[in-house]
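Here are some exercises to help you find your way around a structure you haven't met before. Try each one with the model open, then read the worked solution.

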Amino acid sequence: MKKKVMLIVPMLHQGGFERVCVATARLLEPYADVYIVIFDSKDIAYDIKGLNVTDLHLGVKEGKIGKILNVVKRSYAVKKLKKDWGIDIAYSFGSSANIVNVFSKSAEEVWTGIRSYMDMGNPRLIRWFSKKSDRILCCSKRIEEEIASKYHYRNAVTLYNPLDVETLKKNADEEEIRLPWEDRSNIIVSMGREDDVKGFWHLLKSFSLVRKEVPDAKLMIVGDGEFEEYRELAKELGVADDVYFTGVKKNPFPYLKAAKVYALTSYHEGFPNALIEAMALEVPVIATDCLTGPREILRKGDMAYGILIPNMSPEKNLKAVEISGEEINLADEMKRMLTDKEHHEHYRKAAIERAGDFSDAYYVECMRKWVGE
């Protein structure tokens, strides 16, 4: 008899752990009865056709009291569903879902997912998860090791996000995209929601330096948000016509495929899906060496599969006249990747090779093993 697995996620709008949740549901379908529970169905960005999805209609509430009451209501609703459906394993994605999963614990196994190093910023919460979870699934080895050493928890495991390369390539070829420029030869792309943690002000300033020496260079930022302050910064830097904010895209991969270079400027990450997705689409990558994610992806033994630059300052600086040394360094790396053909080709081939190490097959193998235990 198949086990019954509940996947709990706040929403299914565009984001890393949301994508992993949907992918997990599809990959586990042959081996388990899978139920997805979301707190709010607003702005669903992923294909959920054929999946069993239940919306609790308990979206974000304002104020401390509102948030506390929301946790109680969500936990009560989830606990009832666990009982009604006879759930064997409940796996949650992200801190707010983890809290509800732990609060609603009954006879089922509780798996909590730590999908970003930022989640480690609340030691009290991680200590609580460590006491109440039957298993903690980490998106990077660094997070697993830290949970083991700081919280003496032995059931933390690393499970890298799944990557379906063939479907990814198919989606990338699915549609012709419209861009504001005819020349697409030197496009730099970055993906991510409008969030300070992504460090987009660094990227814009670095790009302005690139543009001075590579006149046909363009920058495209794909992700959810208005980006008003960044649009203003682009104007002040004199590159507004060369920067395109696409907004959220249900299928962002044709935009990703259009890149000649992919740049990641986050000062915090968990396991950046977009980095591997770019590599799978044969795009060389440049990424900050933030605490978790990029180094595990771009380094394997003595091999380098992309350019790692020192982690960048989290101090937001929207002054166009102030360009830092780290931004100059990033600009130099982007210029070289755009202009040095041998350098670009080397890292294009390296990207393809490394992306193959993050397959759906390994993810499914681990999940089947743990679900079957």
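## Exercise 1: the cavities

The largest cavity has a volume of about 50 Å³. This is a predicted model, by the way. Your task: find which residues line the largest cavity, and sort that lining by class.

Solution, step by step.

- Start with the residues themselves: Tyr160, Asn161, Asp357, Phe358, Ser359, Tyr362 and Tyr363 form the lining of the largest cavity.
- Now sort them. The lining of the largest cavity holds four nonpolar residues, two polar ones and one charged one.
- Next, count the cavities. There are two of 30 Å³ or more.
- Turn to the second largest cavity, with about 40 Å³ of space. Its lining is made of Ser190, Met191, Lys198, Phe200, Tyr262, Leu264, Thr265, Ser266 and Glu269.
- Which elements give two or more residues to that lining? They are β8 (187-191) and β11 (261-264).
- Sorted by class, the second largest cavity is lined by four nonpolar, three polar and two charged residues.

## Exercise 2: a pocket and an unusual phi

Your task: list the residues that line the second largest pocket, then look up the phi of Asp43.

Solution, step by step.

- The second largest pocket has about 190 Å³ of space.
- Its lining is Met11, His13, Gln14, Lys42, Asp43, Ile44, Ala45, Asp224, Val248, Lys249 and Lys250.
- By class, that gives five charged, four nonpolar and two polar residues.
- Now pick out Asp43, which sits in the loop between β2 and β3. Its phi is positive, near 55°, and Asp43 is not a glycine.
- Why is that worth a second look? Most residues other than glycine have a negative phi.
- Is Asp43 buried or exposed? Its relative accessibility is 53%, so Asp43 counts as exposed, the cut-off being over 50%.

## Exercise 3: two helices and what they pack against

Your task: find the buried residues of α2 and of α5, and say which elements they pack against.

Solution, step by step.

- Begin with the length of α2 (residues 64-85): its 22 residues reach 32 Å from first C-alpha to last, close to the 32 Å expected at 1.5 Å a residue.
- The buried residues of α2 are Gly66, Asn70, Arg74, Ser75, Ala77, Val78, Leu81, Lys82 and Trp85.
- To read a list like that, keep a simple rule in mind: an α-helix has 3.6 residues a turn, so residues three or four places apart point the same way.
- What do they pack against? The partners of the buried α2 residues are β1 (3-9), β2 (32-38), β3 (53-55), β4 (89-93), α3 (95-103) and β5 (109-114).
- Just past the end of α2 comes Gly86, with a positive phi of about 65°.
- Now do α5 (residues 141-151). Its buried residues are Ile143, Glu144, Glu146, Ile147, Ala148 and Tyr151, and these pack against β5, α4 (123-132), β6 (135-138) and β7 (156-158).
- After α5 comes His152, with a positive phi near 55°. His152 lies in the loop between α5 and β7, and at 60% relative accessibility it counts as exposed.

## Exercise 4: two residues up close

Your task: decide whether Ser208 and Glu109 are buried, partly exposed or exposed, and find what each one touches.

Solution, step by step.

- Ser208 belongs to helix α7 (residues 200-213). With 5% relative accessibility, Ser208 counts as buried, because the cut-off for that is under 20%.
- Setting aside neighbours within four places in sequence, Ser208 is in contact with Leu237 and Val239.
- Glu109 is in strand β5, and its 24% relative accessibility makes it partly exposed.
- With the same neighbours set aside, Glu109 is in contact with Asp88, Ile89, Ala90, Asp134, Arg135 and Glu373.
- Check one of these: Glu109 and Ile89 are 20 residues apart in sequence, with their C-alphas 4.7 Å apart in space.

## Exercise 5: the whole protein

Your task: compare the radius of gyration of the protein with that of a compact globule.

Solution, step by step.

- For 373 residues, a compact globule would have a radius of gyration near 21 Å; the protein has 21 Å, so the two agree.
- The C-alpha trace spans about 65 × 45 × 45 Å along its principal axes.
- Finally, buried residues make up 55% of the 373, and the secondary structure comes to 14 helices and 15 strands.

Conventions:
Residues numbered from 1 in each chain as written. Predicted model: local features only at pLDDT ≥ 70, side-chain atom pairs only at ≥ 80, totals over all residues. Heavy atoms only, no water. 1 Å grid on protein atoms, 1.4 Å probe; cavity = no way out; pocket = protein on both sides within 12 Å on 5 of 7 lines; lining within 4 Å. Points joined across faces, edges and corners; volume = space filled by probe spheres on them. Nonpolar A, V, L, I, M, F, W, Y, C, P; charged D, E, K, R; others polar. Helix = DSSP H or I, 4+ residues; strand = E, 2+ residues; numbered from the N terminus. Buried < 20%, exposed > 50% of the residue type's maximum accessible area, 1.4 Å probe, protein only. Contact = heavy atoms within 4.5 Å. Expected span 1.5 Å × (residues − 1). Rg over C-alpha atoms; globule rule 2.2 N^0.38 Å.
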